[in-house]
Each structure stands twice: as structure tokens, then as C-alpha cells.
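Grab a coffee and work through a few exercises on the protein below. Each task comes with a worked solution, so try it yourself before reading on.

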Amino acid sequence: MHEMGIVTHLAKTLDEMAPEQHITKYGSVTLQVGEVSGIITDLFVDCWNYFRDRHPLLKDCDLKLETLPAISYCGDCEKEYPTVKYGRECPYCHGGNTWLLTGNECIIKEVEAETDDENKNEEELVSVEKL
Ligand SMILES: [Zn+2]
């Protein structure tokens, strides 16, 4: 299952990041999910809940999902257009020489976590990583 693989990778990434950043507990993680990534959000949340119960660091971690719009680029007329609406055919010149610029990725946009650093109880980490 596609979703399970991504969640596995996400949980692993967060686990690995914890000792580096002195994280004791995760509060939330925000993921940007590409419009044409093929990820089914409901399944994704199910997988997340499964993992959350098994990772002490993620026990109270909320998963926030944001949609990243899909954009295609036309190599003939050099214009960009929304992929979901027009598909592979460019709406300007009706050519087929097009490719996806963005929209099939899954990115960690933001992580909120508590650290064991006494001066900073809550730290907001911004990390952008392709999963
Ligand atoms: Zn075009």
C-alpha cells in the first residue's frame, strides 16, 4: 500500500530527527500532499493512527494535511497551467509537450515538537523534505 510506505518513512524520519534536535515529544506534523500524488487521505490517516500508537514520540502528534496544487508546464508555449483541470494537453496551444512541475510529491512542511532544552520548551522546526 502506497500510503503505508509513506507513513513508514515519515515515522522513521521523525524518529531519526528526535535525537539530533533533542526532541522529547512531537506536537504536530504538517504534510503537503500533491494533488496528483495518488495518496488517499483517509487511508493515510488510518496508517498514521496505526503508527502513532506504536511510537512513544508520536503518541500526541497531530497529523495535518495540506493539498499542494498540481501545476504542469508546456514546453511549446512555455506556459504553466493547472494539471487537474487540463490534464496532459496544454490549454493555450493544445500541444502535448507538457510535464508535471509540481503536484506528485509529499513534503514535510512543518513540525512542532517539545525539546529537553530548558530554555526552549516548545520549538517550531521547519523542515522541507521530500518523502
Ligand atoms: Zn502550450
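**Exercise 1.** Which residue in strand 4 does Ser72 stand opposite?

*Solution.* Keep in mind that this is a predicted model. Start in strand 3, which covers residues 71-74. Now look across to strand 4, residues 80-82. There, Ser72 stands opposite Tyr81. Next, take Ile71: its bridge partner in strand 4 is Pro82. Zoom out, and you find 3 bridges between strand 3 and strand 4, with the pairing antiparallel. Finally, check the turn: 5 residues sit between the two strands of this hairpin, and Glu78 has a positive phi near 60°.

**Exercise 2.** Work out the strand order of the open sheet that holds strand 3, and find its edges.

*Solution.* Strand 4 is already placed as an antiparallel partner of strand 3. Then look for another partner: strand 5, residues 98-102, runs antiparallel to strand 3 and is joined to it by 4 bridges. Ser72 helps here too, as it stands opposite Leu100 in strand 5. Put that together and you get an open, antiparallel sheet of 3 strands in the order 4-3-5. Strand 4 and strand 5 have just a single partner strand each, so they are the edges, and one side of each lacks a neighbour in the sheet. As for the twist, neighbouring strands are turned by 40° against each other on average, ignoring direction.

**Exercise 3.** Sort the residues of strand 3 by face, covered or uncovered.

*Solution.* Begin with the general rule: side chains in a regular strand alternate between the two faces of the sheet. Now apply it to strand 3. Ser72 and Cys74 make up the covered face, while Ile71 and Tyr73 are on the uncovered one.

**Exercise 4.** Track down the largest nonpolar core and say which element gives it the most residues.

*Solution.* First, the overall layout: the protein has 3 helices and 8 strands, and buried residues account for 20% of its 131 residues. The largest nonpolar core has 19 residues, and Val7, Leu14, Tyr26 and Val29 touch the most other members. Two or more residues come from each of helix 1 (2-21), strand 1 (23-34), helix 2 (41-52) and strand 6 (106-115). Strand 1 gives the largest share, 5 residues. To finish, follow Tyr26: beyond its neighbours within four places in sequence, its contacts are Leu14, Leu57, Leu58, Cys61, Val111 and Ala113.

Methods
Residues are numbered from 1 along each chain as its sequence is written. This is a predicted model: local features need pLDDT of at least 70, side-chain atom pairs count only at pLDDT 80 or more; totals for chains, interfaces and linings use all residues. A residue is buried if 20 or more other C-beta atoms lie within 10 Å of its own, exposed if 12 or fewer, and partly exposed in between; C-beta atoms are placed from the backbone. A nonpolar core is a set of buried Ala, Val, Leu, Ile, Met, Phe, Trp, Tyr and Cys residues joined through C-beta atoms within 7 Å. Two residues are in contact if their C-beta atoms, placed from the backbone, lie within 7 Å. Two strands pair if DSSP finds at least two bridges between them. Axes are lines fitted to C-alpha atoms, for helices over the stretch in contact, and angles run from 0 to 180 degrees between N-to-C directions.
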